[in-house]
Amino acid sequence: MMADDLEQLKELASERWGDQWTITQKHFADGTTKQTAWRTFGPVETDDDGQVFDVERIQLDGDEALHDRVHQRNDDVVEVLDYEICDPDDISGLDTPEHTKK
């Protein structure tokens, strides 16, 4: 992933969530990098294994953007609520539940 992709991901996150987002990077031994913009909307459940959070994520892959909403405990996805592959220009217009709007 190039620096331009990071800047585009920052721009998409800002358009979608204002100033309440985080970008994480994972660097792999083969030299590839995975970047994810995400925003959490708080815990939806707590059990003996910990809290489950409502998380919305964006990743870029070439000319496409992956947008999803998941319930996540730590780094483990518990449930996929929504999953779309779209043009990056369409991210800001995607439907989102009322409680997650900025």
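What volume does the largest pocket have? About 370 Å³. Before going on, I should say that this is a predicted model.

Staying with that pocket, 16 residues line it, and T24, K26, R57, Q72 and D75 are the ones closest to its centre. By type, the lining breaks down into five nonpolar, six polar and five charged residues. Which elements give two or more residues to the lining? These are the strands β1 (22-27), β2 (33-47), β3 (50-61) and β4 (64-73). For those of you who set up probes, the general idea is familiar: rolling a probe the size of a water molecule over the atoms shows where empty space is left.

Now the strands themselves, taken in order from β2. β2 and β3 run antiparallel and are joined by eight bridges. The two strands make a hairpin, with two residues between them. If you want a position to look at, find T46, which stands opposite Q51 in β3.

Next, β3 and β4. This pairing is also in the antiparallel sense, over nine bridges. Q59 has L66 in β4 as its bridge partner. The hairpin of β3 and β4 has two residues between the strands, and there G62 takes a positive phi near 65 degrees.

Then β4 and β5. Here too the sense is antiparallel, with nine bridges. H67 is partnered by E84 in β5. Two residues separate the strands of this hairpin, and N74 in the turn has a positive phi of about 55 degrees.

As a reminder on strands in general, side chains in a regular strand alternate between the two faces of the sheet.

β5 covers residues 76-86 and includes Y83. Y83 also belongs to a nonpolar patch on the surface, together with V77, V80 and I85. The accessible area of the four together is about 390 Å².

Last, the charged contacts. How many salt bridges does the count come to? Five, by the rule used here. One that I would show on screen is between E56 and R16, where the closest N and O atoms are 2.7 Å apart. Why does this pair tie together parts that are apart in sequence? E56 is in strand β3 while R16 is in helix α1 (residues 3-17), so the salt bridge links parts 40 residues apart in sequence.

To return to the pocket, β3 is also among the strands that give two or more residues to its lining. That is what I have for today.

How values were computed:
Residues numbered from 1 in each chain as written. Predicted model: local features only at pLDDT ≥ 70, side-chain atom pairs only at ≥ 80, totals over all residues. Heavy atoms only, no water. 1 Å grid on protein atoms, 1.4 Å probe; cavity = no way out; pocket = protein on both sides within 12 Å on 5 of 7 lines; lining within 4 Å. Points joined across faces, edges and corners; volume = space filled by probe spheres on them. Helix = DSSP H or I, 4+ residues; strand = E, 2+ residues; numbered from the N terminus. Nonpolar A, V, L, I, M, F, W, Y, C, P; charged D, E, K, R; others polar. Pairing = 2+ DSSP bridges. Patch = residues over 30% accessible without salt bridge, like charges linked within 9 Å, V, L, I, M, F, W, Y side chains within 5 Å. Areas by Shrake-Rupley, 256 points an atom, 1.4 Å probe, with all protein chains shown as cover. Salt bridge = Lys/Arg side-chain N within 4 Å of Asp/Glu carboxyl O.
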